[in-house]
Number of protein chains: 2
Amino acid sequence: MSITQQSLNVSFIGNKPTSGDGNLFHAFAPARHENLADEFANVSPEQANQAIEKAAAAFPAYAKLTPAQRADFLEAIATEIEDLGDELIERAVLESGLPTGRISGERGRTTGQLRLFANVLREGSWVDARINPALPDRTPLPRVDLRRMLIPLGPVVVFGASNFPLAFSVAGGDTASALAAGCPVVVKAHPSHPGTSSLVGQAIVAAALETGMPDGVFSLLHADIDVAQQLVAHPAVKAVGFTGSRAGGLALLRVAQERTEPIPVYAEMSAVNPFVVLPGAISQDTGPNSAVTVAAGLAASITLGVGQFCTNPGLVFLLDSPKTSVFLETLTEKIRSSAPATMLNAGICRNYQKGVQQNRIIPGVHVLAEADVDAEDSQTQGRPIVLSTSAAIFLSSSALSEEVFGPTSLIVVCETEAELVECLTTLEGQLTATIYATPTELTQSETDWVSLLQAKAGRVLFGGYPTGVEVSEAITHGGPFPATSDSRSTSVGTGAILRFVRPFTYQSFPNELLPLALQNANPLGIWRNVDGKLTQSSVGS
Amino acid sequence: MSITQQSLNVSFIGNKPTSGDGNLFHAFAPARHENLADEFANVSPEQANQAIEKAAAAFPAYAKLTPAQRADFLEAIATEIEDLGDELIERAVLESGLPTGRISGERGRTTGQLRLFANVLREGSWVDARINPALPDRTPLPRVDLRRMLIPLGPVVVFGASNFPLAFSVAGGDTASALAAGCPVVVKAHPSHPGTSSLVGQAIVAAALETGMPDGVFSLLHADIDVAQQLVAHPAVKAVGFTGSRAGGLALLRVAQERTEPIPVYAEMSAVNPFVVLPGAISQDTGPNSAVTVAAGLAASITLGVGQFCTNPGLVFLLDSPKTSVFLETLTEKIRSSAPATMLNAGICRNYQKGVQQNRIIPGVHVLAEADVDAEDSQTQGRPIVLSTSAAIFLSSSALSEEVFGPTSLIVVCETEAELVECLTTLEGQLTATIYATPTELTQSETDWVSLLQAKAGRVLFGGYPTGVEVSEAITHGGPFPATSDSRSTSVGTGAILRFVRPFTYQSFPNELLPLALQNANPLGIWRNVDGKLTQSSVGS
C-alpha cells in the first residue's frame, strides 16, 4: 500500500480507509509552534461503532489462528513500519518536537517489541497450558480429562499516548500485546500526532492484508473524547489499554465501571518515582558512591527527554549527612547548565509550568536550581527546575507528592530516618522507587527499606536511575494505584500479553478438536504443566 | 487448642478469641427447622477494623516467609481441621442440612486443597520468576540486571459461601489460595453455619500459633452486612474473594468501585450452565450416545446436592430430533422418582420456590416433571422440578435465563439450528457450558459451536455433566460476567493463587538481598525464565 498525502489523514475502520464524519482539527508542530496544513476529521459515533462491530466479528476467526500466523502478522507490521522510512521519522519529529535520534530509536523499540511478541508466540509456552489427563480408574471417583490454557478476552480499545508517538501509540506495546494475545484492537489515535498515527495505522492495515488477517482485527480512529468514552462503554469491548494522565485514566475507569459488565482497564497514569538516598551510598569523595556522581546522574535523569517519561524521578529524598551539601551543589550546577527544550504539546507545557508554579509558591519550598537559559518560547519549551523543601513541609502539603510532568523534581531533605520513613509511608503507588544505600544500610537498619518501597511500586532499583525501561521478560512497568489502575499488570515487556487473556478449560474433548497447544502430541513443542510437572513431552491419549 | 462449647461462638481478631460487640443471632438447623441454643455475636465496626489493622501489620513479615514456611502453615491447618474430628462433621451437618457423607467428603476436599497449595509452594515455579541478567557490554546501551516474580497483593477479605460450609468457607479455596500467595486473610463467616465457621477458625488460629505465623495473618469475623461492606472499603484491604448470589457479589463490587484505590473483587456469582444436546449425541438406542443415558445422567446432575451447586445445569437446549421424546420421557421419569430434600437455609429454599413459581407461570412454559413426593416441610425442603418451553418463548422472556438456585432446570426445545444459535448467543457469561454432539457435528456444522460456547464460559464440556469440579491444575472455575466479576481468574484449583499477586521487578539488586526465588544459585530449584528460556539452572552472578 503506498503512502500518499491524500490518505495521511484518514481513520481505518477495519481495512477500510475512512474520512471521519465528525469535527475537523489540524496537527500541531510544537517546535514551530504552528498548525500544520493537513486537516484531520474525527469519526462519528456511528463510525466508531462500526469499528467495534468489525472487531467483534473478526474475533472468533482471529482467536483461532495458530500462534505462527499471529506472529507472521506482528512481524509484517514491523517490516511495514520500517518500510515507511524517513516519512514516518520526519512526521513524528514534526508532530512531537522530539529529536530525530530519539524518534529513530523509538521506532527501533517499536519494531523490536512487535518482533519480541512474535517470538513469544512462536515459543508458545506463555499460554500456561495445563493438562490433567483422565483417570477413569481413580477411586472413589474417576477424573475427567481437563486441559486449560489462556485464551483472548475479545476486542480491546487502545489509547495512544502523547509522550511516545511510536512505542506507546498506534503500534505500541498495548497494541502489540493485545494482537499477540489474539484480541482485535481498535486504537484511538492521540491528537498530538495524528499524521504519525495514520501512517502507522496504514502500515498495520497493509500487514493485515498481506498476512490474510480477518478484516476488523485492527482499526484506527481519530476521535473526540466523548466518542472515545463510547468505545469503552461498548458491550463488545472486553478490555482497555491507556497510557496518559491520571484524570484521563480515571475518566475511562469510571466509564468502564458504569458498564453492566465490568472490564479490565489497564491505565498507566502517573508516578513521581521516589528516589531515596541514604548516607552510605554517597559517602565517598569520588566514584560511583560519591555525591557528585549520583547527583550528576540524577540531573541527567530528571532532564532526559524534557522530563516527559512516566518514570521520571520527580521526588528525591535525602537523609541528611555530611555529603548532602555536595549532592545539592552538584545537582544545582547540572540543572543550571541544562537547557530548555520543546515539549510534546502546548497543553503539556502549560501544565508543566502551572505545576511548577503551584509548588514553588508553597511556603517553605525553595527553588534549588533552574536552567540558566530562559526558554525561547515559553509556550512550547520546558525549562528544567528543581525545588527543595523539608520533610515537615512535604508532609503538610499533599500537593507536593503529585506528579508534575516535565523536567523537574522536588528534593526533600530529611533530618532523621523516622522523618524519611514517614514521608515514604505517605506516598501513593508508583511505577518505580529507587534506593541508594550500602547493602549494610539495608540489612542492618531497623527499617525494612525494601519492603517499604516494594509496597509502593512495581519496580525497585538498587542504584541506577528509573528512566530507561527495558523491553524484556523481567521488566515490570506497572504498580499500585494510582501508578496504574490495575497493579496485576505490566504494560511493557513480554508479561504485557497476560493482560488480555483469561483461563479456559476444555473438558473431555476429542484430541482433534483441541487447540494445538493442548493436543496429546504437543505439536507446538511448548512447555506444559502435566499433573503439576513442567514438560515438553506428549501425553497419552 | 481445645475446642470448648464456651469458645464455639467467638470471632478471632488475629489469634485473639473475641466476643463480638454487635448484634446477637442464633445458628439455625434447617433439617430440624429450629434455632440452635448457641448465641453468636457479630463484631462491631471497631472490631472489624482491628482485624484489618492486624492483617496489615502482619503482611510484610508474612510476605517474606519462605515458601516452605507458608506450606507448613497450610499443612498444619489441614491437620488441625482433621483433629476437630466428628465435632466438625456433626456441626456442619446440623447447620447445613447436608448429609454426613457429603460433609465428610467436603472435609477431605478442604484439607486436600490446603495440602495441594502447600505442594504448589514447595514446588515453587508458580511465582513465574524471570531473569534478565545484566549485559554491561551491550551496545548501544548496556542492560541492567532485572529480576521479576509475583508478589502478594496484601490483606484479603474472604466471604464464606453457604453451599459449601467447608470447601468454600473459612478454610476454603479463597483462604487457602490467598494464604498461599502470601496474603493475610480476614474471613467474614457465613451466618448459615456460624458454629462450623468458628470451629474451623479455631483450627486455623491453632495452626498459625503452632507454626509461628505473625499475629493477624488470619482473622474470623461474625459480622453484619454493613460491617462486611466496611471491610471491603478499608484502604488496607487489597483484594476480595466471594462466592454467593449475584446481588451479594454486585453489592461488594460497587463498594470496591467506590474506593479511591480500585481493588480486585473475585466474586463468583451465578450461572445457569447451558447444556446443549445435538441430535447425533443421542441418536443411539442404548449406550452412552442414547437419549436414555444422557437424560438419566442429566436428571442426576440437576438433583445432586438438592441442586445447590454453582455448576448445576439450569438450562438445557435440545435441537429437536426423533429422539427428543425419549429424552424428555426419561428425564420426566427420573425427576418424578427423585425426592425432595433439605436445603441449606430457609432463605435459599424460599428463593428456590419463588424462582420456580415465577418461571412456571410464564405463558408457554410448562411443567415437564416434578418429584412425585411432596416436601415434608416446604419451608426447608426443595422439590425437584423441570420446566420446558420453546425457543420463541425463551427468547422473549429474559427472566428464563436467570439462575434459580436449586434442583430445577428449564428445557428449551429448538426446532432449528438457527433458533438454537440465537438462544445461545443471547446468554450471559457462565461458569460452564456442556455440549453433547458427535465430533462430526462440531467440525462439519456451519455453526462454530465451540467458539460460541467458549465466548460464554470458563469451562466447556464435551459430554459429561458440569456438577463435580475437580481441584487440580487444569480446572477453570470462573467465567465471563456475571458468572464472575473478573473472568481472568479461577476460584478452584492451583490457578486460584494467581488472583492475589502482582508482578514485581528488582533492578540491580545485590544477590543476597534478593528473595530466594530470584537468587543466582536458584536455591529453591524452581523453573525460571532466563532471557526467554525456561531452566532450573543457576545464573551467573
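These are my notebook entries on a predicted model with chains A and B.

**Ground rules.** I noted that residues are numbered from 1 along each chain as its sequence is written, and that chains are lettered from A and ligands numbered from 1 in the order of writing. Since I was reading a predicted model, I kept in mind that local features need pLDDT of at least 70 and side-chain atom pairs pLDDT 80 or more, while totals for chains, interfaces and linings use all residues, and that side-chain values use heavy atoms, with hydrogens and water left out.

**Entry 1: the two copies.** I looked up how the chains are related, with copies superposed by least squares on the C-alpha atoms of residues with pLDDT of at least 70 in both. A turn of 180° with a shift of 0.0 Å along the axis lays chain B on chain A with an RMSD of 0.0 Å, and that is the relation of a two-fold axis. Within chain B, the residue that comes closest to the axis is B:Gln257, whose C-alpha is 3.6 Å away.

**Entry 2: where they meet.** I then turned to contacts (heavy atoms within 4.5 Å) and found that 69 residues of chain B touch 69 residues of chain A. Of the interface residues of chain B, 100% are also interface residues in chain A, so the copies meet through the same surface. The buried area, which is the accessible area (1.4 Å probe) that two parts lose on being put together, summed over both, is about 5,700 Å² here, and carbon and sulfur atoms give 57% of that.

I also looked for salt bridges (a side-chain nitrogen of Lys or Arg within 4 Å of a carboxyl oxygen of Asp or Glu), and six cross the interface. The side chains of A:Arg138 and B:Glu470 form a salt bridge, at 2.7 Å from N to O.

**Entry 3: a core residue.** Next I looked at the largest nonpolar core (buried Ala, Val, Leu, Ile, Met, Phe, Trp, Tyr and Cys residues joined through side-chain atoms within 4.5 Å; buried means under 20% relative accessible area, exposed over 50%, partly exposed in between, with a 1.4 Å probe and protein chains only). This core has 222 residues, and A:Phe317 and B:Phe317 are among those that touch the most other members. Beyond its neighbours within four places in sequence, A:Phe317 is in contact with residues including A:Pro274, A:Phe394 and A:Leu427.

**Entry 4: a loop residue.** Is A:Glu261 buried or exposed? I found that A:Glu261 is buried, with a relative accessible area of 19%. Leaving out residues up to four places away in sequence, A:Glu261 touches A:Pro235, A:Lys238, A:Ala256 and, from the other chain, B:Phe481.
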